[in-house]
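Visitor: I've got a two-minute break between gels. Can you walk me through this one?

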Amino acid sequence: MLQRTWPAEGLTRVPYWVYQDADIYQREQDRIFRGPTWSYLCLEAELPEPQSFLTSFVGDMPVVVARDAEGAIHAFENRCAHRGALICMHSRGKAERFACIYHNWTYDHSGNLLNVAFRKGIAGKGGMPADARPESQAPKKLRVQSVHGLVFGTLSEETASLEDYIGPDILPRIKRVMIKPVKVLGKYTQVLPNNWKLYMDNVKDTYHASLLHLFFTRFRINRLTQEGGVFVSNDGAHHCTFTRMIEDQGDAYEKDGMRSAGSGGFKLEAPELLEQEDELGDAVSIQILSLFPGFVLHQIRNSLAARQVVPKGIDRTELHWTLFGFADDDDAMTRRRLMQANLVGPAGYISMEDGAATGFVQRGVAGSPERASVIEMGGSSVGAGDSRITETAVRGLWKAWRSHMSI
Amino acid sequence: MNAEVQPAVERLHARYAHALDQGRLEDWPNFFTQNGRYRITTAENEERGLPLPVLYAEGRPMLRDRVQSLRHANIYEPQRYRHIMSSVLVEELDNAHARSVANFLVIRIMESGDTLLFASGRYVDRIVLSEEPQYEERVVICDSSRFDTLLAIPL
């Protein structure tokens with residue numbers, strides 16, 4: 001049993017053992033990922049036709065996501081009822097049924113065990129007794145729901161409907177981006193040398209963007225002096241932050257002597273890389289949205305992507321990026337999105353530092369599990385605001401986490 | 001094929017690798033023609049016909065922007081690469097152009113000494129042959145879709 005106590009200061013302190021403790025990691029898998037939360041699985045567009053499938057994750061747990069012959073989407077644990085082997089070893093494809101390679105037990109698109117090879121033996125010899133119940137160890141089935149083309153799954157019967165789970169503050173911000181059918185432009189995975197929560201609190205940290213990601217400020221692309229804001233759901237679990245397209249002509253960074261100040265007259269020789277078409281019609285240049293526990297949706301100019309956060313142990317996390325456009329994009333828009341892919345991912349002008357910074361925290365706190373982060377920008381509350389010089393959404397993450405973990 | 005083409009292309013590849021491995025990022029754009037294109041992608045995206053690049057630049061100004069950003073904006077831990085190249089196939093397209101496919105390994109060495117096989121894959125190039133051959137297009141197709149922490153220095 002865990003003997004961990006949260007610091008008396010509350011949400012303005014996050015103790016470092018949360019990123020280090022093996023028991024905490026196991027409890028998160030049980031209470032959060034396999035508990036009453038919705039985990040992002042894929043885009044509907046990645047399952048283009050009946051009998052399409054792909055493999056994904058809910059926390060540590062491997063899952064198969066598949067459309068049945070009628071087109072309905074199902075998800076089930078990728079674990080054979082017999083000996084626990086992966087049922088499906090391919091990352092995507094089309095299949096009439098799934099057969100475990102180990103002993104050829106077969107499953108349908110919703111994870112029902114269809115057939116046990118030689119169940120009745122051969123010629124009256126061998127096989128299982130008539131009262132054997134291999135179905136008792138069947139792969140777990142997930143409840144699956146979609147919102148605006150994003151597919152989520154949950155293992156808990158207690159989880160509220162997906163729309164209620166996301167809530168009225170954040171849901172419209174998803175709809176704002178997912179305005180029509182999408183088309184996948186490609187995928188890649190970034191391996192982060194840190195606990196999964198360090199990535200999530202980085203995503204929710206609206207204060208760091210222009211201080212860590214100097215590309216923004218050096219080339220005067222996004223500064224905290226620009227108009228923007230942040231939304232946080234009531235339970236703290238989800239957040240959304242946005243920045244408007246207005247160019248900043250001020251010198252707040254220069255006055256504060258910031259490392260990220262735009263001194264030195266840096267200018268892009270080829271600024272067309274950044275040219276944004278206001279396709280969503282609201283003059284927002286950047287919107288970053290996160291859903292607890294491990295989903296991020298971004299619009300960075302005309303770059304659109306879903307990021308799935310997959311924990312791979314205490315100090316290792318995979319970030320699965322899926323970049324997309326809309327099915328009706330013309331060549332010029334596709335080209336714009338591919339150009340702006342330079343902003344994100346492992347080589348992204350404004351994202352490459354995230355893996356480094358969160359890895360530095362994992363390494364920096366190695367000797368101090370009892371010490372804590374200081375998270376007091378914007379006070380001690382969790383809520384919406386029109387300043388991004390705040391850590392309100394980070395506190396929200398810990399509010400939700402503590403509630404699930406009973407810590 | 002003109003007997004001088006194969007060694008000329010291999011010399012270009014070698015000079016390119018040495019420049020990156022020695023941290024001479026400023027020299028990197030000059031291995032490309034004025035409008036030269038550079039694209040890093042993954043074998044998976046390539047095979048599925050998906051256009052997403054990990055990194056894409058079109059023309060020397062964009063290549064120089066990448067260098068300027070790496071030098072003055074992006075933050076990454078001090079690191080070096082070691083390129084190992086092999087199996088260079090060269091096909092002469094006409095008097096002035098060649099196509100080349102070559103295998104690569106890139107080993108990443110951190111300041112701490114941590115050494116990692118960071119990337120493997122193929123260079124698929126279109127080269128303008130001249131006194132000093134240059135890439136008109138260099139496509140870097142990584143075998144794996146997985147990248148450790150970040151990709152700062154070009155491959």
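Visitor: Which strands do the buried residues of α1(B) pack against?

Guide: Keep in mind that this is a predicted model. Helix α1 of chain B covers residues 5-21, and its buried residues include V5(B), A8(B), V9(B), L12(B) and Y16(B). The strands they pack against, all in chain B, are β1 (32-42), β3 (79-94), β4 (97-110), β5 (115-128) and β6 (134-142).

Visitor: What should the 17 residues of that helix α1 of chain B span, and how far apart are its end C-alpha atoms?

Guide: Each residue adds 1.5 Å, so the 17 residues should span 24 Å. The end C-alpha atoms agree with that, being 24 Å apart.

Visitor: And which residue follows α1(B), with a positive phi?

Guide: Look just past the helix, where phi is near 75°. The residue there is G23(B).

Visitor: Let's move to S69(B). Is S69(B) buried or exposed?

Guide: S69(B) sits in helix α3 of chain B, residues 60-72. The cut-off for burial is under 20% relative accessible area. Its relative accessibility is 0%, so S69(B) counts as buried.

Visitor: Which residues is S69(B) in contact with, leaving aside neighbours within four places in sequence?

Guide: One contact is in chain B, namely N74(B). The others carry the chain A letter: F215(A), F219(A) and Y349(A).

Visitor: What covers the buried residues of α9(A)?

Guide: Helix α9 of chain A runs over residues 352-364, and M352(A), G355(A), A356(A), G359(A) and Q362(A) are among its buried residues. From chain A, the cover includes β12 (182-192), α4 (196-203) and α5 (209-212). Chain B joins in too, with α3.

Visitor: How far apart are the end C-alpha atoms of that helix α9 of chain A?

Guide: With 13 residues at 1.5 Å a residue, the helix should span 18 Å. The computed distance agrees with this, at 19 Å.

Visitor: What do the buried residues of α1(A) pack against?

Guide: This helix takes in residues 22-33 of chain A. Its buried residues include I24(A), Y25(A), R27(A), E28(A) and F33(A). The elements they pack against, again in chain A, are β2 (39-43), β3 (52-58), α4, β17 (303-311) and α10 (392-405).

Visitor: Zooming out, why is chain A as compact as a globular protein of that length?

Guide: Chain A has ten helices and 19 strands. For its 407 residues the globule rule gives 22 Å, and the chain is close to that, so it is as compact as a globular protein of that length, with a radius of gyration of 23 Å.

Visitor: What radius of gyration does chain B have?

Guide: Chain B has three helices and seven strands, and its elements run α-β-α-β-α-β-β-β-β-β from the N terminus. A compact globule of 155 residues would be near 15 Å. Chain B agrees, with 15 Å.

Visitor: How many positive and negative side chains does chain B have?

Guide: The centres of the two sets lie 2 Å apart. As for the counts, chain B has 18 positive and 23 negative side chains.

Visitor: Last one: what part of the residues in chain A count as buried?

Guide: Chain A exposes about 16,500 Å², with carbon and sulfur atoms supplying 49% of it. Of its 407 residues, the buried part is 58%.

Conventions
Residues are numbered from 1 along each chain as its sequence is written. Chains are lettered from A and ligands numbered from 1 in the order in which they are written. This is a predicted model: local features need pLDDT of at least 70, side-chain atom pairs count only at pLDDT 80 or more; totals for chains, interfaces and linings use all residues. Side-chain values use heavy atoms; hydrogens and water are left out. Helices (H or I, at least four residues) and strands (E, at least two) are DSSP runs, numbered from the N terminus. The radius of gyration is taken over C-alpha atoms; the globule rule is 2.2 Å times the number of residues to the power 0.38. Buried means under 20% relative accessible area, exposed over 50%, partly exposed in between (1.4 Å probe, protein chains only). Accessible areas come from the Shrake-Rupley method with a 1.4 Å probe; for residues, only the protein chains shown count as cover. The expected span of a helix is 1.5 Å times one less than its number of residues. Contact means heavy atoms within 4.5 Å. Lys and Arg count as positive and Asp and Glu as negative; His and the chain ends are not counted. The place of a charge is taken as NZ of Lys, CZ of Arg, CG of Asp or CD of Glu.
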